[in-house]
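Hi everyone, thanks for making time. Have a look at what's on the screen, and I'll talk you through a few places in it.

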Amino acid sequence: MSDPRAFVLENTRLQRPPHTPEIALHLADEVTPLWRLTEERLGELGLPPPFWAFAWAGGQALARYVLDHPDVVAGRRVLDFATGSGLVAIAAMKAGAASARGCDIDGVCAAAVALNAQANDVQVAFTCADLLDGPPPREAQVILAGDICYERPVAERVEAWLRTAQAGGATVLIGDPGRTYLPHARLQRLAEYQVQTTRELEDQEVKRTAVYALA
């Protein structure tokens with residue numbers, strides 16, 4: 001895509017997610033039209049949804065938890081895994097993190113995260129590298145991951161990677177609205193929220209969504 005920043009601005013509007021009204025994000029109103037347009041612009045079919053353009057339930061819950069419990073991230077280096085819009089990373093910076101970096105393999109996320117960080121007057125770094133290809137970055141003291149359990153192979157791979165990070169001393173939190181492949185038995189529930197969302201994204205307009213720590 002020749003100008004991802006312009007693409008984000010042309011296809012979103014500045015909004016405040018229902019569960020984190022302290023944060024403004026460039027978000028789309030409809031999934032399918034933007035999804036099709038993304039495929040057209042990139043000249044590819046079968047792409048995953050444009051996760052960067054929406055505030056998903058797991059991310060909203062995780063961002064809410066961080067804003068309400070700033071001690072989790074205050075003064076610490078944070079990695080927002082599968083960052084999408086950058087919502088959780090922005091919440092971490094607002095809660096006093098020393099630094100925050102988003103990672104996502106969707107290249108358009110870089111533009112979305114930069115615009116959203118600017119809209120909230122914070123700095124968020126970004127990497128498009130697939131961090132699952134190597135060990136967790138040693139500099140990350142806190143790893144936050146929202147909505148990562150859509151598909152079994154990916155969910156299992158991410159859980160193993162996060163447990164390696166935890167074993168290395170990182171604090172790991174997961175936000176999830178009950179996705180199929182969430183490993184409930186191996187998690188400790190920290191908080192639960194009723195997150196307002198949309199039928200564009202979910203099967204319900206309000207999703208019961210929890211924040212977990214690795215058990």
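Let's start with β7, where five of the six residues are buried, so the strand is mostly covered. Buried here means under 20% relative accessible area, exposed means over 50%, and partly exposed is in between, worked out with a 1.4 Å probe on protein chains only. And when I say strand or helix, I mean a DSSP run: helices are H or I with at least four residues, strands are E with at least two, and both are numbered from the N terminus.

Before I go on, a word on where this comes from. This is a predicted model, and local features need pLDDT of at least 70, side-chain atom pairs count only at pLDDT 80 or more, while totals for chains, interfaces and linings use all residues. Residues are numbered from 1 along each chain as its sequence is written, and side-chain values use heavy atoms, with hydrogens and water left out.

Okay, back to β7. Which way does β7 pair with β6, parallel or antiparallel? They pair in the parallel sense, over five bridges. Two strands pair, by the way, if DSSP finds at least two bridges between them. One bridge you can look for is V142 with its partner T171 in β7. To get from β6 to β7 the chain goes through α6, and this β-α-β crossover is right-handed. Right-handed means that, with the strands pointing away from you, the path from the first strand over the helix to the second runs clockwise.

β7 also pairs with β9, residues 206–214; these two run antiparallel and are joined by four bridges. There, I174 stands opposite Y212 in β9.

Now, salt bridges. Side chains of opposite charge can pair when their charged atoms come close. The cut-off is a side-chain nitrogen of Lys or Arg within 4 Å of a carboxyl oxygen of Asp or Glu. How many salt bridges does the structure hold? There are 12.

Take R13 and D29, with their closest N and O atoms 3.0 Å apart. R13 lies in strand β1 and D29 in the loop between β2 and α2, so this pair ties together parts that are 16 residues apart in sequence. R13 is partly exposed at 45% relative accessibility, and D29 is partly exposed with 45% too.

Then there's R186 with E159, at 2.7 Å from N to O. R186 is in the loop between β7 and β8, E159 is in helix α6, and the two are 27 residues apart. Is E159 buried or exposed? With 11% relative accessibility, E159 counts as buried, whereas R186 is partly exposed at 42%.

Helix α6 comes up again with D130 and R157, whose closest N and O atoms are 4.0 Å apart. D130 sits in the loop between β5 and β6, and R157 in α6, 27 residues along the chain. And one more for the list: E22, R64 and D68 are linked in a network of salt bridges.

Next, pockets. Rolling a probe the size of a water molecule over the atoms shows where empty space is left. On a 1 Å grid over the protein atoms alone, a pocket is an open set of points where a 1.4 Å probe fits, with protein on both sides within 12 Å along at least five of seven lines, and lining residues have an atom within 4 Å of a point.

The largest pocket is lined by 32 residues, and F51, A82, D104, D147 and Y150 lie nearest its centre. Which helix gives the most to that lining? That's α6, with three residues.

The second largest pocket has 15 lining residues, with Q15, L27, A28, T198 and L201 nearest its centre.

Last stop: A82, which we just met beside the centre of the largest pocket. A82 isn't a glycine, yet its phi is positive, about 55°. A82 is in the loop between β3 and α4, and at 32% relative accessibility A82 counts as partly exposed. D121 is another residue other than glycine with a positive phi, near 60°. D121 is found in the loop between α5 and β5, and at 71% relative accessibility D121 counts as exposed.

That's my tour, thanks for listening!
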